[in-house]
Amino acid sequence: MISGSVRFLVNVESLNGVESVGNLSRHRTAPIVTRKSTGEYVIRYVPVISGESLAHAYQMALVEIAEKMGLPVTHRTKQGELIKFANDDVLKEENIASPKDEKDARRFEVDVMLKDVVADVGGFMYAGKNPVRRSSKFSVGYMIPSLKTDEIPAQLEAQFHVRYSVVSSKDKQAIYNVEVGSALYTVSFLLDDGLIGVPSNPGKADKEDELLRIRGARVEASVRALYHLLTGNFGAKRSRFLPQLELKSAVLTVTDFPFVVEPGHSDDYIKLSHERAERAKSILMGKKVKTFAINREGLDTGKAEVKSNPEEVVEALLKEVKG
């Protein structure tokens, strides 16, 4: 399992809007509970970027890499329509037989996985007469401001813009406002590489050997796609609001047991993550713990292996999963 937490300094971004109110395009916000130095818990509304937005970006990165590696991806997935075999219309397009009953669920799951690596890694839900579900092997939460001190380093501001036309006699000036956010953001994610290419429904299917043969390539593609998360290649409205984004620090662990690193709210989150992973290895009778870090903030990294950039981190992760 690969677990990671990252801190980004992001200025003037509109990566995740929610709706337009009049001529105002609002940024997504969420209530955050934080504890002040006085011990009092308070609620603050802050700019955020949803996990759904981040997961979509990760899966589209996986599409790009999968195509380069010759792994199967459906036409709808290539177009960014991640409905993933949800109904019979999609099954007809891909020539997949719907599940006959509960005992046929594993056969159906394997057929879908062989058609689309994104459905393998990102999961799917067929909602027909006999529903079949595969849970996502990639998990990610909201990107929220780091709650380091009493003052949350985050701010929202609406920017005034005008579109102007010298041709049209009507509506020569169109006024609009875009709400942008700036924050020291943190986000956490999980990739359960051990279950990629492995059917989750009970039973036995005829084509499982085909999955096993290409499982290694699927795991590799999934790890390569993490590069987009580590470099901030996600979110919408980037054409005129490409954010000033800087990766400040990160911690990633590779384990052979379930483990989630510390979120990036404290300045010792890298050190704590490695120490916890080592203890968890003993508790869960694991055999493997590798911790990698990026540190551009002068943080205490403990015994984590420090890398200079995201490229070195992904290369190290690939080496571990291939090994």
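A polar contact is a pair of N or O atoms within 3.5 Å; within protein, one must be able to donate a hydrogen and the other to accept it. Arg-7 offers a case: a polar atom of its side chain lies 3.1 Å from the backbone oxygen of Gly-264. The model is predicted. Its chain is divided into domain 1 (10-48 + 141-182) and domain 2 (49-138 + 183-320). The points below cover the domains, the cores, two helices and some single residues.

**Domains**

- Taken over C-alpha atoms, the centres of domain 1 and domain 2 are separated by 28 Å.
- Domain 1 gives 26 residues to the contact, and domain 2 gives 24 residues.

**Nonpolar cores**

- The largest nonpolar core has 47 residues. Inside this core, Phe-138, Leu-191, Leu-226 and Leu-317 have the most contacts.
- At least two residues of this core come from each of S1, helix H1 (51-68), helix H5 (117-122), strand S11 (173-191), helix H6 (208-230), S12, S13 and helix H8 (310-322).
- H1 gives the largest share of this core, nine residues.
- Domain 1 and domain 2 each supply at least three residues of this core.
- Leu-226 is in contact with Ile-2, Tyr-58, Phe-138, Phe-189, Leu-191 and Leu-317, leaving aside its neighbours within four places in sequence.
- Another core, of twelve residues, lies apart from the largest one. Phe-259, Val-261, Ala-293 and Leu-299 are among its members.

**Helix H1**

- H1 has 18 residues. From first C-alpha to last it reaches 26 Å, close to the 26 Å expected at 1.5 Å a residue.
- Its buried residues include Gly-51, Ser-53, Gln-59 and Tyr-58. Leu-54, Leu-62, Val-63 and Ile-65 are also among them, as are Ala-55, Ala-57, Ala-61 and Ala-66.
- These buried residues pack against helix H2 (75-78), H5, strand S8 (138-140), S11 and H6.
- Gly-70 follows H1 and has a positive phi, near 75°.

**Helix H7**

- H7 (residues 269-283) has 15 residues, so at 1.5 Å a residue it should span 21 Å. Its end C-alpha atoms are 21 Å apart, which agrees.
- Tyr-269, Ile-270, Ser-273, His-274, Ala-277 and Ala-280 are buried in H7. Seen down the helix axis, the buried residues fall within an arc of 135°, so they line one face of H7.
- Strand S1 (2-13), strand S12 (244-255) and strand S13 (289-295) are what the buried residues of H7 pack against.
- Exposed residues Arg-279, Ser-282 and Ile-283 sit on the face of H7 turned away from its buried side.
- Ala-277, found in H7, counts as buried because its relative accessibility is 0%, and the cut-off is under 20%.
- Leaving aside neighbours within four places in sequence, Ala-277 is in contact with Phe-257, Phe-259 and Val-289.
- Ala-277 and Pro-310 are 33 residues apart in sequence, and their C-alpha atoms are 21 Å apart in space.

**Buried Arg-7**

- Arg-7 lies in strand S1. Its relative accessible area is 0%, so Arg-7 is buried.
- Besides the Gly-264 backbone oxygen, the Arg-7 side chain makes a polar contact of 3.1 Å with the side chain of Glu-297.

**The loop between H3 and H4**

- Ser-98 is found in the loop between helix H3 (88-94) and helix H4 (105-115).
- Ser-98 has a relative accessible area of 34%, so it is partly exposed.
- Ser-98 touches Asp-88, Leu-91, Asp-104, Arg-107, Phe-108 and Tyr-126, not counting residues up to four places away in sequence.
- Tyr-126 is 28 residues from Ser-98 along the chain, and their C-alpha atoms are separated by 8.9 Å.
- Asn-95 also lies in the loop between H3 and H4. At 71% relative accessibility, Asn-95 counts as exposed.

**Positive phi outside glycine**

- Most residues other than glycine have a negative phi.
- Asn-95 has a positive phi, near 55°.
- Met-285 is not a glycine, yet its phi is positive, about 55°. Met-285 comes just after H7, in the loop between H7 and S13.
- Met-285 is exposed, because its relative accessible area is 73% and the cut-off is over 50%.

Terms used:
Residues numbered from 1 in each chain as written. Predicted model: local features only at pLDDT ≥ 70, side-chain atom pairs only at ≥ 80, totals over all residues. Heavy atoms only, no water. Helix = DSSP H or I, 4+ residues; strand = E, 2+ residues; numbered from the N terminus. Expected span 1.5 Å × (residues − 1). Buried < 20%, exposed > 50% of the residue type's maximum accessible area, 1.4 Å probe, protein only. Arc of directions from axis to C-beta. Contact = heavy atoms within 4.5 Å. Core = buried A, V, L, I, M, F, W, Y, C linked by side-chain atoms within 4.5 Å. Domains from an automatic or database assignment.
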